[in-house]
Amino acid sequence: VAGLVLCSASELRFDAVGFVAAVMNNCADCVQNVMSKRMLAHMKPTQLQFYTSVAALLLQTPFVLRDATGFVRSWLGSHRSHGAPEDQDVLYHVMEIPMTK
């Protein structure tokens, strides 16, 4: 953390939110290193990699969904003004796809 403070002190564009995020990331990396060393005593490395991947997926999913819905809403909003089909029309065509064989 001290190295992060030293590097941030000479930045031209210092932002408190970015600094707090960097400190939290640094602390999370330290906790992850300590916990992975402890867990390696009880698990194989491949098992540990699987569980950390699942944990990362669970932690990131709410943020990805939040960002994805905002992106889709803004995309639909910008395309509606150019004559794009309405939501009901798109859903109708999506539902018709499995029925055509």
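This report walks through the fold, surface and side-chain pairings of a predicted model.

## Overall fold

Let's start with the backbone. The protein chain has four helices and zero strands, and reading from the N terminus the order of elements is simply α-α-α-α. Two of these helices matter for what comes below: H2 covers 16-40 and H3 covers 45-80, with a loop between them that holds Met43.

## Surface and burial

Not much of this chain is tucked away: out of 101 residues, 3% count as buried. The accessible surface adds up to about 9,100 Å², and carbon and sulfur atoms own 68% of that.

One piece of that surface is a nonpolar patch built from Val31, Val34, Met35 and Met39. Together these four residues offer about 320 Å² of accessible area. Met39 is a member that sits in helix H2, and its relative accessible area of 30% makes Met39 partly exposed.

## The loop between H2 and H3

Moving on from the patch, what does Met43 touch once its neighbours within four places in sequence are set aside? The answer is Leu48 and Tyr51. Even with those contacts, Met43 keeps a relative accessible area of 24%, so Met43 counts as partly exposed. That is above the 20% under which a residue would be called buried.

## Aromatic pair

Tyr51 turns up again here. The structure holds one aromatic pair, made by Phe50 and Tyr51, whose ring centres are 5.4 Å apart. Their planes meet at 65°, so the pair is edge-to-face; the cut-off for that label is over 60 degrees. As for its surroundings, Tyr51 has 46% relative accessibility and is therefore partly exposed. So Tyr51 both contacts the loop residue Met43 and takes part in the ring pair with Phe50.

## Salt bridge

On the charged side, the count comes to one salt bridge. The partners are Arg66 and Asp67, and their closest N and O atoms are 3.1 Å apart.

Are the two partners buried or exposed? Arg66 is exposed, at 52% relative accessible area, while Asp67 lands in the partly exposed class with 46% relative accessibility.

## Cysteines

A disulfide is a covalent bond between the sulfur atoms of two cysteines. How many does a search of the whole structure find? It comes back with zero disulfides.

Why is there no bond between Cys27 and Cys30? The sulfur of Cys27 has its closest cysteine sulfur in Cys30, but the gap is 6.3 Å, which is too far for a bond. To count as a disulfide, the sulfur atoms would have to be within 2.5 Å. Looking from the other end gives the matching picture: for Cys30 the closest cysteine sulfur is in Cys27, at 6.3 Å. Both residues are partly exposed, with Cys27 at 37% relative accessibility and Cys30 at a relative accessible area of 44%.

Methods:
Residues numbered from 1 in each chain as written. Predicted model: local features only at pLDDT ≥ 70, side-chain atom pairs only at ≥ 80, totals over all residues. Heavy atoms only, no water. Helix = DSSP H or I, 4+ residues; strand = E, 2+ residues; numbered from the N terminus. Buried < 20%, exposed > 50% of the residue type's maximum accessible area, 1.4 Å probe, protein only. Contact = heavy atoms within 4.5 Å. Patch = residues over 30% accessible without salt bridge, like charges linked within 9 Å, V, L, I, M, F, W, Y side chains within 5 Å. Areas by Shrake-Rupley, 256 points an atom, 1.4 Å probe, with all protein chains shown as cover. Salt bridge = Lys/Arg side-chain N within 4 Å of Asp/Glu carboxyl O. Phe/Tyr/Trp six-rings, centres within 6.5 Å; stacked < 30°, edge-to-face > 60°.
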